[in-house]
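Subject: Structure handover

Hello,

The structure is placed below, and my notes on it follow. Please read them alongside the coordinates.

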Amino acid sequence: LKMKDCKRKLTLDRPATYQIKVPGELDERWTDWNGEMTVTIACDRDGLPITTLTGTFDQATLQGLLRRLYSLGIPLISVNCIDVA
């Protein structure tokens, strides 16, 4: 690890990159959520589709996205912070 990497800290207002996995297939319209989100679809061990949403945003935007998924009745498989800006 470089020294500058050690100083990066997750905060409420600092953007971070998140991966959110949900069951099923979400379409490309989700890329419009914040302009920089990618949507990838893979299959689990049983051959069922899983969508991964990956994007960089702050905690408020993350909460909004999670609320949107909840309001649509889409359950979460996982939410992971993979990098802090």
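Contact here means heavy atoms within 4.5 Å. On that basis, residues 24 or more positions apart account for 68% of the contacts in the chain with a separation of 6 or more.

Some conventions before the rest. This is a predicted model, in which local features need pLDDT of at least 70 and side-chain atom pairs count only at pLDDT 80 or more, while totals for chains, interfaces and linings use all residues. Residues are numbered from 1 along each chain as its sequence is written, and side-chain values use heavy atoms, with hydrogens and water left out.

Fold

The chain has two helices and four strands (DSSP runs numbered from the N terminus; helices are H or I with at least four residues, strands are E with at least two). Along the sequence they follow the pattern α-β-β-β-α-β. Of the 85 residues in the chain, 28% are buried (under 20% relative accessible area; exposed is over 50%, partly exposed in between; 1.4 Å probe, protein chains only).

Sheet

The four strands form an open sheet in the order E2-E3-E1-E4, with antiparallel pairing (two strands pair if DSSP finds at least two bridges between them). Strand E2 (38–43) and strand E4 (78–84) each have a single partner strand and stand at the edges, so one side of each is left without a neighbour in the sheet. From one strand to the next, the twist averages 20° (axes are lines fitted to C-alpha atoms, for helices over the stretch in contact, and angles run from 0 to 180 degrees between N-to-C directions).

E1 and E3 run antiparallel and are joined by eight bridges. Six bridges join E1 to E4, again antiparallel. Threonine 17 has threonine 56 as its bridge partner in E3, and stands opposite aspartate 83 in E4. Isoleucine 20 is bridged to leucine 53 in E3. Helix H2 lies across E1, E3 and E4, and runs at about 10° to E1.

Core

The largest nonpolar core has 15 residues (a core is a set of buried Ala, Val, Leu, Ile, Met, Phe, Trp, Tyr and Cys residues joined through side-chain atoms within 4.5 Å). Ile20, Leu26, Trp30, Leu53 and Leu69 have the most contacts inside this core. At least two of its residues come from each of E1, E3 and helix H2 (59–71). Leucine 69 is in contact with Ile20, Val22, Leu26, Trp30, Leu53, Ile74 and Leu76, leaving aside its neighbours within four places in sequence. In soluble globular proteins, nonpolar side chains tend to be buried together.

Two threonines in E3

Threonine 52 is in strand E3 and counts as buried because its relative accessibility is 10%. Its C-alpha is 5.8 Å from that of valine 39, with the two positions 13 residues apart in sequence numbering. Beyond neighbours within four places in sequence, threonine 52 is in contact with Gln19, Ile20, Lys21, Thr38, Val39 and Thr40.

Threonine 54 is also found in strand E3, and at 17% relative accessibility counts as buried. Not counting residues up to four places away in sequence, threonine 54 touches Thr17, Tyr18, Gln19, Glu36, Met37, Thr38 and Ile82.

Aromatic pair

The structure holds one aromatic pair (rings of Phe, Tyr and Trp, the last by its six-membered ring, with centres within 6.5 Å; planes under 30 degrees apart count as stacked, over 60 as edge-to-face and the rest as tilted). The ring centres of tyrosine 18 and phenylalanine 57 are 5.7 Å apart and the planes are at 15°, so the pair is stacked. Tyrosine 18 is in strand E1 (residues 16–23) and phenylalanine 57 in strand E3 (residues 49–57), 39 residues apart, so to speak of the pair is to speak of a link between distant parts of the chain. Both tyrosine 18 and phenylalanine 57 are buried.

Salt bridge

There is one salt bridge in the structure (a side-chain nitrogen of Lys or Arg within 4 Å of a carboxyl oxygen of Asp or Glu). It joins aspartate 27 to arginine 29, and the closest N and O atoms are 2.5 Å apart. Aspartate 27 counts as partly exposed at 33% relative accessibility, whereas arginine 29, at 63%, counts as exposed.

Regards
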